[in-house]
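Trainee: I would like to learn how to read strands and helices in a model, one feature at a time. Could we go through an example together?

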Amino acid sequence: MASIIDGKAFAQNLREKISRRTTQLKKETDIQPGLATVLVGEDPASHVYVRNKNRQTKAVGMASFHHELDAQTSQEALLALVNDLNHDDAVHGILVQLPLPEHIDSIAVINAIDPAKDVDGFHILNVGKLAIGEPGLVSCTPLGCLMLLKDQLGDLSGKNAVIVGRSNIVGKPMAALLLQQHCTVTIAHSRTQDLAGVCRRADILVAAVGRPEMIQGDWVKPGAVVIDVGINRVEIEGKAKLVGDVDFSAAAEHAAAITPVPGGVGPMTIACLLYNTYQAACMQHGMEDRMMAL
Ligand code: NDP
């Protein structure tokens, strides 16, 4: 049976490290890393995410600035707020919660964020830096997956990595990160032929599809490490439940290690947002020597 990768415990440990570094930074330089969140509209899930982000930001000793705008807010007004935050020295990270209302061009808003403060790693400049292997801010969920993989396997060099899913926020940055770690990377998607056969070649299998338990147990190579990014709400025997993109119990019979859902990748995302905010604060003040190693 596979060992279970405890993302919740790993994330808690990471937050504690960030908290210690934040306290030290404040004490020695009087700089307190600050994260600004911007929420537009009434989407209930977004409200829950942003509330959690703000709570965890404060818990590690960072400054938290929250801006809530109504659903009718114009794109100009949102861009003006982003511009203000870009010029606010107390703000080191800016997160505009997606999705934005339909009348707003999300790409224009993301690209208006100062790339040095783009702690979500979605700005085109940070995406480009990741693609060419330059240091920059990296999308939080794939960064969290990489931390779990490195903790599990150490050196990833030469491993066959298969990522199922090619989204801009998970699949593509995950592929770029694993390529940087010298993996042999395959990206699979909805047009991939013989997906089961492709998955069976993976020493590292990352599932980011958004389809409940699609990855079958016998698609997992014996001894592989499986990272399940999927978060799917399903109803089982009348009860709402969260499941991943991988058939967990069947895959656990083949894998060496696997992330559960919930409690695997999920908790890593906010922890990595705080990690990025700390790193951004160090970079903005020319204190690269204080940055945390991956
Ligand atoms: P997207 O919907 O943007 O992308 C899904 C990808 O899966 C697409 O590339 C799509 O291929 C591919 N796909 C869909 N169906 C199949 C199929 N039958 N066979 C092979 N590939 C398929 O999703 P996201 O990347 O945003 O998210 C993926 C999952 O991860 C979701 O469950 C989401 O909730 C979760 N998630 C979790 C996070 C966390 O914090 N843990 C953060 C972000 C996402 P194609 O491109 O060809 O359409």
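**Reading strands and helices**

Mentor: Let us begin with one pair of residues in this predicted model: Val225 of strand 8 stands opposite Ala257 in strand 11.

Trainee: How many bridges join strand 8 to strand 11, and do the strands run parallel or antiparallel?

Mentor: Two bridges join strand 8 to strand 11, which covers residues 257–258, and these strands run parallel. Strand 7, made of residues 204–207, also runs parallel to strand 8, and four bridges join them; within that pairing, Val206 stands opposite Ile227 of strand 8.

Trainee: Which residues of strand 8 lie on one side, which lie on the other, and are they buried or exposed?

Mentor: The general idea is that side chains in a regular strand alternate between the two faces of the sheet. In strand 8, residues 225–228, Val225 and Ile227 are on one side while Val226 and Asp228 are on the other, and all of them are buried, so that both faces are covered.

Trainee: At what angle do the axes of helix 6 and helix 7 cross?

Mentor: The axes of helix 6 (residues 140–153) and helix 7 (residues 171–180) cross at roughly 40° and come within 9 Å. Angles from 35 to 65 degrees count as oblique, which means that helix 6 is oblique to helix 7. The crossing is right-handed.

Trainee: Which residues make the contact?

Mentor: Helix 6 contributes Pro142, Leu143, Cys145, Leu146 and Leu149, and helix 7 contributes Pro173, Met174, Leu177 and Leu178. Sorted by kind, the residues of this contact are nine nonpolar, no polar and no charged.

How values were computed
Residues numbered from 1 in each chain as written. Predicted model: local features only at pLDDT ≥ 70, side-chain atom pairs only at ≥ 80, totals over all residues. Heavy atoms only, no water. Axes fitted to C-alpha atoms, helices over the stretch in contact; angles between N-to-C directions. Parallel < 35°, antiparallel > 145°, perpendicular 65-115°, else oblique. Left-handed = near helix turned anticlockwise from the far one by under 90°. Contact = heavy atoms within 4.5 Å. Nonpolar A, V, L, I, M, F, W, Y, C, P; charged D, E, K, R; others polar. Buried < 20%, exposed > 50% of the residue type's maximum accessible area, 1.4 Å probe, protein only. Pairing = 2+ DSSP bridges.
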